[in-house]
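Subject: A structure for you to look at

Hi there,

Here is the structure I promised to pass on. Please open it alongside this note, and I will walk you through what turned up.

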Amino acid sequence: KIVASVSKIKVQKETDRNLVKRRIREAYRLNKDDFYSNITAKNKSIELLVIYQSQEILDYKTIYRVLKTTLIMLSDRV
């Protein structure tokens with residue numbers, strides 16, 4: 001399970017917040033199979049909260065790369 005949160009203070013427009021949340025969810029969807037295969041192999045479960053901290057709207061490739069790196073590091077530590 002994943003929750004994506006974008007602060008109203010950091011990103012003013014609702015359409016921009018929704019865009020960022022869609023990008024986060026899509027990047028997660030493409031990476032979740034490898035992530036959960038590593039987690040379930042260790043007999044663990046995890047719920048993930050992603051909080052977007054940047055004031056600028058990052059492009060999809062950057063969000064994808066950062067989320068993929070984060071999921072790899074997280075699955076190694078669990």
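**Tyr 64 and its surroundings**

Tyr 64 counts as partly exposed, at 25% relative accessibility. Please keep in mind that this is a predicted model.

Which residue does Tyr 64 form an aromatic pair with? The partner is Tyr 60, and the pair is tilted, with 5.9 Å centre to centre and 40 degrees between the planes. A tilted pair is one whose planes are neither under 30 degrees apart, which would be stacked, nor over 60, which would be edge-to-face. Tyr 60 and Tyr 64 are four residues apart in helix H2 (residues 60-77), so about one helical turn separates them. Tyr 60 is partly exposed too, with a relative accessible area of 29%.

The count of aromatic pairs comes to two. In the pair of Phe 35 and Tyr 36, the ring centres are 5.2 Å apart and the planes stand at 70 degrees, so this pair is edge-to-face. Are these two rings buried or exposed? Phe 35 is buried, with a relative accessible area of 3%, whereas Tyr 36 is partly exposed at 22%. The cut-off for buried is under 20%, so Tyr 36 falls outside that class at 22%.

**How the two helices meet**

Stepping back, the protein chain has two helices and two strands, and read along the sequence they follow the pattern β-α-β-α.

Two packed helices are described by the angle between their axes and the distance between the axes. Here, the axes of H1 (residues 14-41) and H2 come within 9 Å and cross at roughly 20 degrees. That makes H1 roughly parallel to H2, because angles under 35 degrees count as such. The crossing of H1 past H2 is right-handed.

Both tyrosines of the tilted pair take part in this contact: Tyr 60 and Tyr 64 are among the H2 residues that meet H1, along with Ile 63, Leu 67, Lys 68, Leu 71, Leu 74 and Ser 75. From H1, the residues include Phe 35, as well as Arg 23, Ile 24, Ala 27, Leu 30 and Ile 39. By type, the residues of this contact divide into twelve nonpolar, three polar and three charged.

**Two spots outside the helices**

Asn 43 may catch your eye in a backbone check: its phi is positive, about 55 degrees, although Asn 43 is not a glycine. Asn 43 lies in the loop between H1 and strand E2 (48-52) and counts as exposed, at 72% relative accessibility.

Val 78 sits in the segment after H2 and is partly exposed, at 30% relative accessibility. Which residues does Val 78 touch, not counting those up to four places away in sequence? They are Ile 39, Lys 42, Lys 44 and Ile 46. Ile 39 is also one of the H1 residues that meet H2. From Val 78 to Glu 56 there are 22 residues in sequence and 31 Å in space, C-alpha to C-alpha.

**The chain as a whole**

Taken along the principal axes, the C-alpha atoms fill a box of roughly 40 × 20 × 15 Å. Of the 78 residues in the protein chain, 24% are buried; Phe 35 is one of the buried residues. Among contacts with a separation of 6 or more, 78% are between residues 24 or more positions apart.

Happy browsing, and best wishes!

Terms used:
Residues are numbered from 1 along each chain as its sequence is written. This is a predicted model: local features need pLDDT of at least 70, side-chain atom pairs count only at pLDDT 80 or more; totals for chains, interfaces and linings use all residues. Side-chain values use heavy atoms; hydrogens and water are left out. Rings of Phe, Tyr and Trp (its six-membered ring) pair if their centres lie within 6.5 Å; planes under 30 degrees apart count as stacked, over 60 as edge-to-face and the rest as tilted. Buried means under 20% relative accessible area, exposed over 50%, partly exposed in between (1.4 Å probe, protein chains only). Axes are lines fitted to C-alpha atoms, for helices over the stretch in contact, and angles run from 0 to 180 degrees between N-to-C directions. Angles under 35 degrees count as roughly parallel, over 145 as roughly antiparallel, 65 to 115 as roughly perpendicular and the rest as oblique. A crossing is left-handed if the near helix is turned anticlockwise from the far one by less than a right angle, and right-handed if clockwise. Contact means heavy atoms within 4.5 Å. Ala, Val, Leu, Ile, Met, Phe, Trp, Tyr, Cys and Pro count as nonpolar, Asp, Glu, Lys and Arg as charged, and the others, Gly among them, as polar.
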